[in-house]
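Biologist: I should like to request a close look at a single part of this model. Please describe that part and its surroundings in terms that a first-year student can follow.

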Amino acid sequence: MKVGIVGAGGVGSASLLSLVMRGVACQVVVLDKNHERAKGVVADLQYGATLSPTVELRAGDYADLADAMLVIVTAGINEKTGGATDRSDPAGRLKLLDINASIYRDIIPSLVAVAPEALILVVTDPPDPLADLTRELAGHGQVLSSGTFLDSLRFRLHLAKRLKVNPMYVEAQVVGEHGTSQVFLWSSARVGGTPIADLLEKSGQSLDAFRKSVEQDVRFANITIIEGTGASQLGIGMVTARIAESILRDERAVVPIGSHNPKYGVTISLPSVLGRQGVSQILEPEMSEEERQGFQRSAEVLRNASARITQVPAQRQAHQAG
């Protein structure tokens, strides 16, 4: 099973490391516009890879992606470089859209020319509208966005820390955009089947204050990380590898991931069945009226963003969503 990674920057390198540690691919080809960087990343990682399940690593070019089952695209500018680190800016990651779209217009045709059957996973920010652009450039629908998978893990972790439980046993999801319009599904958030609201009531905590605190930490987790390290890369690298594992092992795992949703006319995250063919089924959980309205707003934000960089007019997308 061959996997390609386009982009050997921080996120691409973290994804490669996580893939090797999980032992889910037989061969990984790393591409970067700076070929020497790709060679350096592979050379560095290959020594430690002797401790992991056997895998062939190599720095290559587009021709080396032939027969790849999955290609992960992480190339592009990050939030710090693109000036998307202002907590008060509602655009958030969407500030990176135009410049990263221009990068994708160079990458995707070259990728599809040699690996027309490969499933493409878009990780570059903002991943949802870039996935729509990728669908258009690739001429097929085998495209996924890393979506709100990482946001959901952050949600679970911050709930778990406050409730003093293991995050593994927290059920909570973020849906919609991987960005400022994301929607937290509080109505279905639970620990051991017990609603979060019930747990807070028993402990005498205010749901409103608790909710505001958690959402603040999750929504701006990336900026907090960037302020400390300069880039958010390790968490998304691990999530990317987990997505790849679900695909390559045909797990049919149910995770919140972005895929094109005809109902909303855009790539957007909802819990989805993920396996060898990508997303085979999109599940739409019950939502409160507030959550439903928030999700609709998030879809509108994404439709407008996608319309800006693709050939599909916003009016047509809105009609599809209706």
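Modeller: The account below begins with one loop residue and the strands and helix around it, and then turns to a pair of helices. The model is a predicted one. The chosen residue, Asp32, lies in the loop that joins strand S2 to helix H2. If the neighbours within four places in sequence are left aside, the residues in contact with Asp32 are Gly7, Ala8, Gly9, Arg37 and Ala38. For a sense of distance, one may take Val165, which is 133 residues away from Asp32 along the chain; the C-alpha atoms of these two residues are 41 Å apart.

The elements on either side of this loop belong to a recognisable arrangement. Strand S2 comprises residues 27-31, helix H2 residues 35-48 and strand S3 residues 56-59. Together, S2, H2 and S3 form a β-α-β unit, and this unit is right-handed. The two strands, S2 and S3, are paired in the parallel sense through four bridges. Within this pairing, Val29 is placed opposite Arg58 of S3.

A further feature concerns two helices, H3 (residues 97-114) and H10 (residues 289-309). Their axes come within 10 Å and cross at roughly 50°. An angle from 35 to 65 degrees counts as oblique, and H3 and H10 are therefore oblique to each other. The crossing of these helices is right-handed. On the H3 side, Leu97, Asp98, Ala101 and Arg105 take part, and they meet Ala305, Arg308 and Ile309 of H10. Sorted by class, this contact between H3 and H10 contains four nonpolar residues, three charged residues and no polar ones.

Key: Residues numbered from 1 in each chain as written. Predicted model: local features only at pLDDT ≥ 70, side-chain atom pairs only at ≥ 80, totals over all residues. Heavy atoms only, no water. Pairing = 2+ DSSP bridges. Right-handed = clockwise from strand over helix to strand, strands pointing away. Axes fitted to C-alpha atoms, helices over the stretch in contact; angles between N-to-C directions. Parallel < 35°, antiparallel > 145°, perpendicular 65-115°, else oblique. Left-handed = near helix turned anticlockwise from the far one by under 90°. Contact = heavy atoms within 4.5 Å. Nonpolar A, V, L, I, M, F, W, Y, C, P; charged D, E, K, R; others polar.
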